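Work through the exercises below with the sequence and the model side by side. Each task is followed by a solution that proceeds step by step.

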Amino acid sequence: MQDTKAAPIGRPAFLQGSNRLWIGGQWVPAQSGDEIDAINPADGSVIARLARGSAADVDRAVAAARKAFEGPWSRWSPNERQKLLLRINDLLLQHAEELATIETMDMGAPLARTRGTIGWISGLIRFFASCTGAATATTNSNSLPGRVMALTHKAPLGVVGGIIPWNGPLGGQWWTLGPTLATGCTCVIKPAEDAALSILRFADILTEAGVPDGVVNIVTGYGSEAGAALAAHPGVDKISFTGSTEAGRRIVQASAGNLKRLQLELGGKSPNIVFADSDLDRAVPGAAMAVFNNSGQICYSGTRLFVQRSIQEEFVERLKQFSATLKVGNGLQDGVDLGPLISQRQLDRVMGYVDIGPKEGATLATGGARLGGALASGYFVEPTVFDNVSNSMTIAREEIFGPVISVLPFDSVEDVLRMANDTEYGLGGGVWTRSLATAHQVSQGIRSGAVWVNCYGVVDPNVGFGGVKMSGYGWKGSQEHVDSFLYRKAVYMNIDG
Ligand code: NAP
Ligand code: MG
């Protein structure tokens, strides 16, 4: 778990000019002229500046998006939009190394991860490219008197606001960009101020691919300013939001003004359940990486790890051994498995939970410390495992969003399902077993938008995932996601005489 010197990787040239908003096909400063530091969480250094967009900038961006929506763009043919998405995909692949480097410098994830996600993002873009014919029209049989032809159309909804979190913005933006470009909507993207650079860099790629001016606009800034203005804006038809449950609730309130449609993917406290009959050689690394991936900063991380009591001791011992093999360090360096947390604020939050654990009776099995030495200026936390956690403890109830696993022992299927569902969230869940019957019973019994059996966290764009309870609503991925960027219209046509 020791860091060595970071490999020298060039500073992407675009970082000098990142303090602009992308509105109507122009790079413009925020109207206030104010800026925000963009920080590399691996060492706390300022790597770029961002424009601090406010309500006035959101107004400009929404106006540009509306104008583009009312122009020729929304009448592009499905074929043209498909070709556009495929050109974007080609450019993504051409710029993969630069984009992965920017993402790593901005939000900390190791290059192995940010490089690895390029292929996944490419699949996501190609999936949306396959959906450009979604705005269909069908003729319906009807029982109306006379000769009436009844058609139902699906048409693009209009201007969509995409509010993106910091935990993987290069890919995360595609849950908004993909259906926007597939359907002929337009959008205003509000990246998180903690990680906006890959989204800003991508704007030029979109233009190079041929995305018309105003179809995609980007307003950087704080959630409480630019984000809140976007969520409340009367000219926005839909908000696609990923982030905390608390901010999600504010977005629901802000949407009331014009009853805008919402897609909300919020927090989670997902159960990952390991039965004694599972293949431990797969379950141990699987359960560890279900949390430690992206340093625990993934919405559906399997943070409540239920382990059948008969294997608890062995399992925790093997989790400790596995954790010790993970290398924590600057993500630009080769061989790093876990990067830093995103910010000082997130570090304080995670360390706060690590302090609470033992006070409420949990046993710290491994980890629990902030890393010092060469990593002292970054926001690094050791992979951490708490054992003997009970479901009522704070660390089992609240989302930590850090590399912290809580191990909770259980005895029976009934016992574990009751505890697994005793949470306000419902995003993910996992089960590890060799028994088909157990896999079926538990995957049916967990109340969440996705369950993984003998694997964790894999997502196919054609299948997707979603949430229930306080993890939000609206499906990401699949045709259903694309359809949620369309509205339905019935046309009754009297064709008598
Ligand atoms: P957050 O505040 O919900 O931020 C997510 C996005 O929403 C950011 O772009 C943020 O902008 C914006 N935002 C914040 N308040 C807003 C408001 N009132 N109106 C409109 N937009 C608003 O999340 P966070 O504080 O960065 O992270 C805290 C927690 O969020 C995590 O611990 C985790 O529980 C959850 N989270 C979940 C996911 C997920 O994938 N489901 C991803 C990230 C975080 P700024 O950040 O620029 O202020
Ligand atoms: Mg940053």
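The exercises treat a metal site, helix packing and a few single residues.

The model is predicted, so that local features need pLDDT of at least 70 and side-chain atom pairs count only at pLDDT 80 or more, whereas totals for chains, interfaces and linings use all residues. Residues are numbered from 1 along each chain as its sequence is written, chains are lettered from A and ligands numbered from 1 in the order in which they are written, and side-chain values use heavy atoms, with hydrogens and water left out.

**Exercise 1. The metal site**

Task: find which residues coordinate the magnesium ion (ligand 2), and establish where Asp106 and Asp194 lie.

Solution: Begin with the donors, which are N, O and S atoms within 2.8 Å of the metal (3.2 Å for Na, K and Ca); water is not among the atoms, so sites may look incomplete. The magnesium ion (ligand 2) is coordinated at 2.4 to 2.5 Å by Ile39 (O), by Asp106 through both O and OD, and by Asp194 (O). Along the sequence, the donor residues follow the spacing I-x66-D-x87-D. Asp106 belongs to helix H3 (residues 96-107), while Asp194 sits in the loop between strand S8 (186-190) and helix H7 (197-209), so the pair ties together parts that are 88 residues apart in sequence. Helices (H or I, at least four residues) and strands (E, at least two) are here DSSP runs, numbered from the N terminus.

Next, consider accessibility, where buried means under 20% relative accessible area, exposed over 50%, and partly exposed in between (1.4 Å probe, protein chains only). Asp106 is buried, at 1% relative accessibility, and Asp194 is buried at 18%.

**Exercise 2. Packing of three helix pairs**

Task: describe how H3 packs with helix H4 (residues 111-129), how helix H1 (residues 55-70) packs with helix H8 (residues 223-232), and how helix H2 (residues 78-94) packs with H7.

Solution: Two packed helices are described by the angle between their axes and the distance between the axes. Axes are lines fitted to C-alpha atoms, for helices over the stretch in contact, and angles run from 0 to 180 degrees between N-to-C directions. Angles under 35 degrees count as roughly parallel, over 145 as roughly antiparallel, 65 to 115 as roughly perpendicular and the rest as oblique.

1. H3 and H4 pack at about 135°, with their axes 9 Å apart, which makes H3 oblique to H4. The crossing of H3 with H4 is right-handed, a term used if the near helix is turned clockwise from the far one by less than a right angle, left-handed being the term if anticlockwise. Contact, meaning heavy atoms within 4.5 Å, is made by residues including Leu99 and Thr104 of H3 and Leu111 and Ile118 of H4. These contact residues divide into five nonpolar, three polar and three charged, where Ala, Val, Leu, Ile, Met, Phe, Trp, Tyr, Cys and Pro count as nonpolar, Asp, Glu, Lys and Arg as charged, and the others, Gly among them, as polar.

2. The axes of H1 and H8 come within 8 Å and cross at roughly 45°, and the two helices are therefore oblique to each other. Their crossing is right-handed. Ala55, Val58 and Val62 of H1 meet Ala226, Ala229 and Leu230 of H8, giving a contact with six nonpolar, no polar and no charged residues.

3. For H2 and H7, the axes come within 9 Å and cross at roughly 130°, so this pair is likewise oblique. The crossing of H2 and H7 is right-handed. Among the residues in contact are Leu84 and Arg87 of H2 and Phe202 and Glu208 of H7, and by class the contact has eight nonpolar, no polar and two charged residues.

**Exercise 3. Val291 and Ser295**

Task: determine whether Val291 is buried or exposed, and what value phi takes at Ser295.

Solution: Val291 lies in helix H10 (residues 280-292) and is buried, with a relative accessible area of 0%. Leaving aside neighbours within four places in sequence, Val291 is in contact with residues including Gly296, Thr303, Pro403 and Ile405. Its C-alpha atom is separated by 9.6 Å from that of Tyr456, 165 residues away along the chain.

Most residues other than glycine have a negative phi. Ser295, in the loop between H10 and strand S13 (304-308), has a positive phi near 55°, and Ser295 counts as buried at 4% relative accessibility.
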